[in-house]
Each structure stands twice: as C-alpha cells, then as structure tokens.
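Please read the points below with the structure open beside them. They are meant for a colleague who is looking at this chain without having seen it before.

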Amino acid sequence: REARDVVNFLVEEVGVSRDVVGKLICKCPQLFSLRLSAMRERAWFLIDEVGIPSERLGGLITRHPHLLRFSVKRRLRPTLEFLICEVGIPPQHGGVGKVVLNHPGILHLSVERKLRQGWEWLMLEIGLSKEEAARVIQGYPGVLALKMEPTVRRKLEYLASIGLNPQEIKRVIVHEPLSLSRSLDSMIDLVNFFTTEASVPPAQVPSVLVACPALTAYSTLRLSESTTFLRVSMGMSREQVSSTVVCFPRILTYKTESNLKLKVDYLEEKGFLLSEIRDEVVLRPSVLAYSLKNRVVP
C-alpha cells in the first residue's frame, strides 16, 4: 500500500510520467522510506518558493529525485536564501528557478562547506564583482559544484599560459560561464583546433577567445563543420580561413547548413561567382552575419 501511495504521489501530484516512475524509484529507492507529507512539503517548496513551474516539476524530479529527500528547513531553504540574498540571483522572472532547473543538485549542496566557498573563490581568485559572480553562477550553476582547487585553478593557469591576461580571462568567463565546464584536456584540444584546423597563429588565439568567448562552449567537432565549410565549400586557402577567423571569430558559431550555406547559395543564385563571394567574405567576414531575410534578400 505504501509503495502504491508513493507512486501515485509521484505521478498524480508531482507530474512524473508513469512510464519512468520505475526508473526513478531505482535511482532513489530512499523515497519509499520517506513520509508522504514530507515529500509533499518539498514539492510545494520547489513550486512556491523556488519558482519551478508546476508543469515542469515532474521532469525536474525525474532527473533529480533526491530533491524530495532533503529537509526544507535544514537544507533546501538555507540554500535558496543563500542564492537569493547573498549571491544576488533574482527570485523571480527566470532567476533562481532557472538555476535549479539547469542544475538541480545545487539545492542540496551545503552552503558552508561548498557554496559559499566557491562563490567567494570566484570573486577573490578571478576578481569577479558580486554582480559578475552572480552572472557566472546563473549561466553555469554547476561551477559551484566544481573543485576550485585544483580543478578550476588549472584551467585559469592554462589560459594564462597561452597569453590571456587576468582581465581577458575574467571577460571570457563572465561572457561565457560554460567555459569553466570544459575539462583541461578539452580546453587544450580547443586551442589546438584553432592553431591547426583554423590555422590561427598561436599568438592570436587569445584575441580570438576574447573577441568571442562563446567559442569556449563549443565542441571542436561542431567548430570543424564551419572551418570545413570555409575551406571546402567556399574554397578558401588556409591563410584565408585564418584571416577570416581572426577578423570575425563569431563566424565559427554559425550553423553551416541552416545559415552560412543558405546565404552563399542565395548569392550564387543572384549571379555572383563563388570566387567573388569568397573574396568579399575574406575582406569583410561579418557580411555572413547579416540576416538572410532582413539584410541580404531585398
């Protein structure tokens, strides 16, 4: 009977799909030992105080059922108050609720043993202001679950070793918090991609990253689609690919099939030779940033 009550609670009140409730229980069997009233209190806390939309609660608990295990008074509410009152994440309009949806585990991390230490480290060691630290945490909540020493420290040291100064490192992190989600090996692979596949001179890699911090969140496989398009589809030489990327790094973030190729195809249909399009892109790479609908098509 108790097992059936738990299943009915998860399905009917929380919104967990009946198809996955079995897997959820296997992931967190402790739910069978909890009082329904306690789990119900935690579910309502997530909706009323954290700001999780009721229609998304089922998906949240499916991904992270352990949220129903932790005491509202001793763990969940102190963490919420820390994120809102100390870090400065807004309680409404996609603030702390979005943070929890993106990284549910943050709610049951200890404020004293983990969250505050990580938050203060970001400000002290990277030089972030309180507002910048809040922006980084909102962009990548998982940063507070990382080991600042030595994990994050090594990433900062590597960025410094390739030529970024402290202010440039801060800019990259603030504008693309997911840069800290990369492993050190992945970060090294990204830099190697720029110097080999994109033919960017090593001395200019820092300026590419600073000009477009978003690149640090892309996989090298995804970025190689763009360099392959420039080299193969547009017929650029390695020197032309290099100058294009250095001049306008953001070009690598545009999807090839649904963006770059459509624009080039349209211009060819209008009578421009591919060589003419290529020469114009090498001269002014930002021309491919124009909206096909609003800027290219008359």
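1. C247 counts as exposed, because its relative accessibility is 52% and the threshold for that class is over 50%. The sulfur of C247 lies 13 Å from the closest cysteine sulfur, which belongs to C212, and this is too far for a bond, since a disulfide requires a pair of cysteine sulfur atoms within 2.5 Å. The model, which should be read throughout as a predicted one, holds 0 disulfides.

2. A second cysteine to look at is C85, which also counts as exposed, because its relative accessibility is 58%. C85 is one of the residues of helix 5 that make the contact with helix 8, together with E86 and V87 on the side of helix 5 and K130, A134 and I137 on the side of helix 8. By type, the residues of this contact divide into 4 nonpolar and 2 charged, with no polar residue among them.

3. As for the geometry of that pair, helix 5 covers residues 72–87 and helix 8 covers residues 130–139, and the two pack at an angle of about 145° with their axes 10 Å apart.

4. Helix 9 deserves a separate look. With 14 residues, from 148 to 161, helix 9 reaches 18 Å from its first C-alpha to its last, which is close to the 20 Å expected at 1.5 Å a residue. Which residues of helix 9 are buried? They are M148, V152, K155, L156, Y158 and L159, so that a lysine and a tyrosine appear in the list beside methionine, valine and leucine, each with under 20% relative accessible area.

5. The cover over the buried residues of helix 9 includes helix 7 (111–125), helix 10 (166–175) and helix 11 (184–196). Just after helix 9, the backbone at G163 takes a positive phi of about 120°.

6. For the chain as a whole, the secondary structure comes to 17 helices and 0 strands, and the C-alpha trace spans about 75 × 45 × 30 Å along its principal axes. Of the 298 residues in the protein chain, 46% are buried. Among the contacts with a separation of 6 or more, 73% are between residues 24 or more positions apart.

7. On the outside, the accessible surface of the protein chain comes to about 15,100 Å², and carbon and sulfur atoms account for 52% of that area.

Conventions
Residues numbered from 1 in each chain as written. Predicted model: local features only at pLDDT ≥ 70, side-chain atom pairs only at ≥ 80, totals over all residues. Heavy atoms only, no water. Buried < 20%, exposed > 50% of the residue type's maximum accessible area, 1.4 Å probe, protein only. Axes fitted to C-alpha atoms, helices over the stretch in contact; angles between N-to-C directions. Helix = DSSP H or I, 4+ residues; strand = E, 2+ residues; numbered from the N terminus. Contact = heavy atoms within 4.5 Å. Nonpolar A, V, L, I, M, F, W, Y, C, P; charged D, E, K, R; others polar. Expected span 1.5 Å × (residues − 1). Areas by Shrake-Rupley, 256 points an atom, 1.4 Å probe, with all protein chains shown as cover.
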